[in-house]
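Colleague: I'd like to learn how you read a model like this one. Could you walk me through it, feature by feature?

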Amino acid sequence: MNKTIRRASVFCLLMVLALLVRATWVQGYEAKALADDEHNRRKTIAQYAQPLGDIIVAGSPVTGSKGTTGGDLRYKRTYTQGELYAAVTGYSSQAYGATQLEGVYGDVLDGTDDRLKNPKDLLTGEQATPGNVLTTIDPGVQKAAYEALGDDKGAAVAMDPKTGRILGMVSTPSYDPSKISGTADGDAWKALLDDKDKPLVNRALRQPLAPGSTFKLVVAAAALENGLYGSVDERTDSPDPYTLPNTSTVLRNENASAPCANATLRTALQYSCNNVFAKAAVDLGQDKVKKMADAFGFDTEKLDVPVRAAPSVYPTGMDEAQTALSGIGQFEVTATPLQMAMVTSALANGGELAAPHMVSRVTDGDGTTLEESGDDDRERVVEESTAKQLRSAMVTVVEEGTGANARIPGAEVGGKTGTAQNGVDNSNTPYAWFTSYAKDRESGEGVAVAVIVEDSGSARSEVSGNGLAAPIAQKMMKAALER
């Protein structure tokens, strides 16, 4: 064999070996990544090859599947009362992917999760029977929230203070996931994307906004925990009106005749006195306020319920004037309804925050538990004495102050209103907030709620936490106590 032929043979042999190594690498190391790639059509075919597992509320599925005609995707997702539960389930679309619980538990619901497979399935690669996701949602609370929000743009969250179970979660305007579950729903999908009210956004979890005066509960907690004031009934050093430090800007109160000068924390919460909490934030300093806010859950990057919630933010690097504004839930402070429900939940639970969650169990097709969410995951946020004092002050808000629309006969109800500025110089319609708790006086069972109404169509002068948000919270709490 001459030299040229020998070199060509060696080169060809090396090329064949390179191809074999590459094929082995792809099959042995990249197979899973390729199989999971969103552009892999075979994955979508496998996902919709059989009826999907269900998302279950109070023992009944709120999802289903139905056969399709034509194409290679044999089944598509259906929803029972889709608009009511959209903020919980999300959507599972053959064309647009999956969100919320549909996305988090997609592998369980379509039967591709390895935990669903028996040894034979693992060897043969056959798809297992899909599993189910059991939620903590209470249908009565969910319905009360959805109907009370009605045509308003807003959101609401209710949770059990003792366990952290999310009993209701609604975002409005909502949408029907069934209308975008197939492959020929482009018009419906475009309409949702073009809607200026953004119905696909889960406002309860994913849209932090200025919490306004509801944040005063956090500042009050910081004031008590750090010894700035000994009790909610000790008079504060709070001039009215209050001039923001190092500025000529005067911070006024909504009710000019309210007894806010040097008011106690109880009175300041009752009348929502801006001067008291702005000065308290400055006296405490932003670091102490932030530490308190973070203990309640602010600035948590990975708050999973199990859907990831957007972080609520207490800012840093502020001057004293900005710190004062942060004390009344303005400047760059933002919060989701979930976050404000967590604040109230911790106070209602003696100062301990139970981790919020909306899934109790995940099971295989036979009902065997694959994973379970515990109800005993909690952390202490404030001392029990602090929580007790703030609950007492919150009851005063409802019984004698700005939260009268939240009253429930026979129940202990405490709350805090908030009207948050929106836009440059408050040029847009303010946000109406209400966060509260209710406790059955006999059983001791309770619920914590947070509601935001971004826009109700009401005149600007009619926007208030008590007028718009408190009635919604009242209906949710009443439904929870009647469980």
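Colleague: Let's start with the open sheet of 5 strands: what is the strand order?

Modeller: Keep in mind that this is a predicted model. The order is β2-β1-β7-β15-β16, and the pairing is mixed. For the edges, look for strands that pair on one side only: here those are β2 (60-61) and β16 (369-372). Inside the sheet, β1 (residues 55-57) and β7 (residues 132-135) run parallel and are joined by 2 bridges. If you want a register mark, I55 sits opposite V133 of β7.

Colleague: On to β20 (residues 446-455): how many of its residues are buried?

Modeller: Buried means under 20% relative accessible area. In β20, 9 of the 10 residues pass that test, so the strand is largely enclosed by the rest of the structure.

Colleague: And which strands pair with β20?

Modeller: Strand β8 (residues 153-159) pairs with β20 in the antiparallel sense, over 7 bridges, and K153 has D455 as its bridge partner there. Strand β19 (residues 431-440) is also antiparallel to β20, with 8 bridges, and F434 has V451 as its partner. The β19-β20 hairpin has 5 residues between the strands, and in it G444 takes a positive phi near 80°.

Colleague: Now helices. At what angle do α4 (residues 82-89) and α8 (residues 139-149) pack?

Modeller: The angle is about 110°, and the axes are 10 Å apart. Angles of 65 to 115 degrees count as roughly perpendicular, which is why α4 is described that way relative to α8. On the α4 side the contact uses E83, L84, Y85 and V88, and on the α8 side P139, Q142, K143 and Y146. By class, that contact has 5 nonpolar, 1 polar and 2 charged residues.

Colleague: While we're in α8, is A148 buried or exposed?

Modeller: A148 of helix α8 falls in between: its relative accessible area is 22%, so it counts as partly exposed. Leaving out residues up to four places away in sequence, A148 touches I472 and K475.

Colleague: What does the length of α17 (residues 384-400) tell you?

Modeller: Compare the expected span with the actual one. At 1.5 Å a residue, the 17 residues of α17 should span 24 Å, and the end C-alpha atoms are 24 Å apart, so the two agree.

Colleague: And which residues of α17 are buried?

Modeller: The general idea first: an α-helix has 3.6 residues a turn, so residues three or four places apart point the same way. The buried residues of α17 include T386, A387, L390, R391, M394 and V398. Their packing partners are α11 (216-225), α12 (265-271), α16 (337-348), β18 (411-420) and β19.

Colleague: What about backbone oddities? Where are the cis peptide bonds?

Modeller: Most residues other than glycine have a negative phi, and most peptide bonds are trans. One cis bond runs from T172 to P173, with omega near 0°; P173 lies in the loop between β9 (166-172) and α9 (186-194). Another joins V305 and P306, with omega about 5°, and P306 lies in the loop between β12 (303-304) and β13 (308-309).

Colleague: And which residues other than glycine have a positive phi?

Modeller: N246 is one of them, at about 60°. N246 is in the loop between β10 (242-243) and β11 (250-251), and counts as exposed at 75% relative accessibility. D299 has a phi near 65° and is in the loop between α14 (286-296) and β12. At 25% relative accessibility, D299 is partly exposed.

Note on methods. Residues are numbered from 1 along each chain as its sequence is written. This is a predicted model: local features need pLDDT of at least 70, side-chain atom pairs count only at pLDDT 80 or more; totals for chains, interfaces and linings use all residues. Side-chain values use heavy atoms; hydrogens and water are left out. Axes are lines fitted to C-alpha atoms, for helices over the stretch in contact, and angles run from 0 to 180 degrees between N-to-C directions. Helices (H or I, at least four residues) and strands (E, at least two) are DSSP runs, numbered from the N terminus. Angles under 35 degrees count as roughly parallel, over 145 as roughly antiparallel, 65 to 115 as roughly perpendicular and the rest as oblique. Contact means heavy atoms within 4.5 Å. Ala, Val, Leu, Ile, Met, Phe, Trp, Tyr, Cys and Pro count as nonpolar, Asp, Glu, Lys and Arg as charged, and the others, Gly among them, as polar. Two strands pair if DSSP finds at least two bridges between them. Buried means under 20% relative accessible area, exposed over 50%, partly exposed in between (1.4 Å probe, protein chains only). The expected span of a helix is 1.5 Å times one less than its number of residues.
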